[in-house]
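User: Hey, I've just opened this one and don't know my way around yet. Can you walk me through it?

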Amino acid sequence: YVVEARIRGSRFPDEWVVLGNHRDAWEFGAVDPSSGTASMLEMTRALGDLLKKGIRPQRTLVICSWDGEEVGLTGSTEWGEQFADELRTKMVAYLNVDSSTSGPNFNPSAVASLAPLIVEVSHSLKDPGGKSLYEAWKASVLKRRSGQRRGQGIKDSELVDTRIGSGSDHTVFLNHLGRPTVGLTFDGPYGVYHSVYDDFYWMNHFGDPGYKYHALMSKLWGVLGLRLANAEVLPFDFDFYGATLRTFLQVI
């Protein structure tokens, strides 16, 4: 089953920005996917508050709660296949959050045309550690790659993972319908993945004490969604997309 809510766009109602998270879990699923579900509920509450004040996005926001992700991406795939013709013509982008957080390290993925947008938005949000999200993100990537690239910096163009595989609900939209997708998560040492220990206690004590990264994900997800929904010209960077495809060819 798919639970779906829509906020109809004021100017371009037939252009959709779709945001989704799955709600089914192996065992308790405090991280995967309930952290993402919690962030989605808070995000939709904030969007609802804006709507009550008369603030409506220019494009339609479609928020989806998927079932059956853990057993073959079933909910999102069935929805994508059922409404394929409509989605091919109306879907601007799909923003997926599987798990909000298992730690403090921002680790997004995106098609290359949307990667620069994530970098841009990260400057406007504050990390719970006190820095901007951009600064904290860059520091965590440098730390993670320090063994491979000693003494070297990292370029903004290298921050977002543009080599997207499968494994979550973006798959039908990217690989079957050819729509641009983004995946957002904060990660860390997550040794309880898909186990009975992925529970409330683990999240409270290890994953995200105080739920600060849950809250940051709600803000980030909502800001990216509204940025796409309200842009006069959609913020796709096809220059960067072309350069990224060139690197894929070089690898091949």
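**A first look around**

Analyst: Sure, let's begin at Tyr211, which is partly exposed with a relative accessible area of 28%. Keep in mind that this is a predicted model.

User: Where does Tyr211 sit?

Analyst: Tyr211 is in the loop between helix H7 (200-207) and H8. Its phi is positive, about 60°, although Tyr211 is not a glycine.

User: What about Leu73, what's its phi?

Analyst: Leu73 isn't a glycine, yet it has a positive phi of about 55°. You'll find Leu73 in the loop between E3 and helix H2 (74-82).

User: And is Leu73 buried or exposed?

Analyst: Leu73 counts as buried, at 13% relative accessibility.

User: Okay, the backbone again. Which kind of peptide bond runs from Asp32 to Pro33?

Analyst: That one is cis, with omega near 10°. Pro33 belongs to the loop between E2 and helix H1 (34-52).

User: Switching to helices. How do H4 and H8 cross?

Analyst: The axes of helix H4 (residues 115-122) and helix H8 (residues 212-230) cross at roughly 120° and come within 11 Å. H4 and H8 are therefore oblique to each other.

User: Why oblique and not perpendicular?

Analyst: Because roughly perpendicular covers 65 to 115 degrees, and roughly antiparallel needs over 145. The crossing of H4 and H8 is right-handed, by the way.

User: Which residues meet there?

Analyst: From H4 you have Leu117, Ile118, Glu120 and Val121, and they meet Leu220, Val223, Leu224, Arg227 and Leu228 in H8. Sorted by class, this contact of H4 with H8 has seven nonpolar residues, two charged ones and no polar ones.

User: How many salt bridges are there?

Analyst: The count comes to nine salt bridges. One of them joins the side chains of Asp14 and Lys90, at 3.9 Å from N to O.

User: Which parts does that pair tie together?

Analyst: Asp14 lies in strand E2 (residues 12-22) and Lys90 in helix H3 (residues 84-90), so the pair ties together parts that are 76 residues apart in sequence. Asp14 is partly exposed, with a relative accessible area of 47%.

User: What does Arg59 pair with?

Analyst: The side chain of Arg59 meets that of Glu15 in a salt bridge, 2.7 Å from N to O. This pair links distant parts of the chain, as Arg59 is in strand E3 (residues 59-66) and Glu15 is in strand E2, 44 residues apart. Arg59 counts as buried at 3% relative accessibility, whereas Glu15 counts as partly exposed at 26%.

User: And how far apart in helix H3 are Arg88 and Asp85?

Analyst: Arg88 and Asp85 are three residues apart in helix H3, so about one helical turn separates them. Asp85 is exposed, with a relative accessible area of 62%. There's also a network: salt bridges that share partners join Asp14, Glu86 and Lys90. As for Arg88 and Asp85, their side chains meet in a salt bridge of 3.7 Å, N to O.

User: Last one: is Val17 buried or exposed?

Analyst: Val17 counts as buried, at 0% relative accessibility. It is found in strand E2.

User: What is Val17 in contact with?

Analyst: Leaving aside neighbours within four places in sequence, the contacts of Val17 include Thr60, Leu61, Val62, Val92, Gly225 and Leu228. The C-alpha atoms of Val17 and Arg6 are separated by 9.9 Å, and the two residues are eleven apart along the chain.

Definitions and conventions:
Residues numbered from 1 in each chain as written. Predicted model: local features only at pLDDT ≥ 70, side-chain atom pairs only at ≥ 80, totals over all residues. Heavy atoms only, no water. Axes fitted to C-alpha atoms, helices over the stretch in contact; angles between N-to-C directions. Helix = DSSP H or I, 4+ residues; strand = E, 2+ residues; numbered from the N terminus. Parallel < 35°, antiparallel > 145°, perpendicular 65-115°, else oblique. Left-handed = near helix turned anticlockwise from the far one by under 90°. Contact = heavy atoms within 4.5 Å. Nonpolar A, V, L, I, M, F, W, Y, C, P; charged D, E, K, R; others polar. Salt bridge = Lys/Arg side-chain N within 4 Å of Asp/Glu carboxyl O. Buried < 20%, exposed > 50% of the residue type's maximum accessible area, 1.4 Å probe, protein only.
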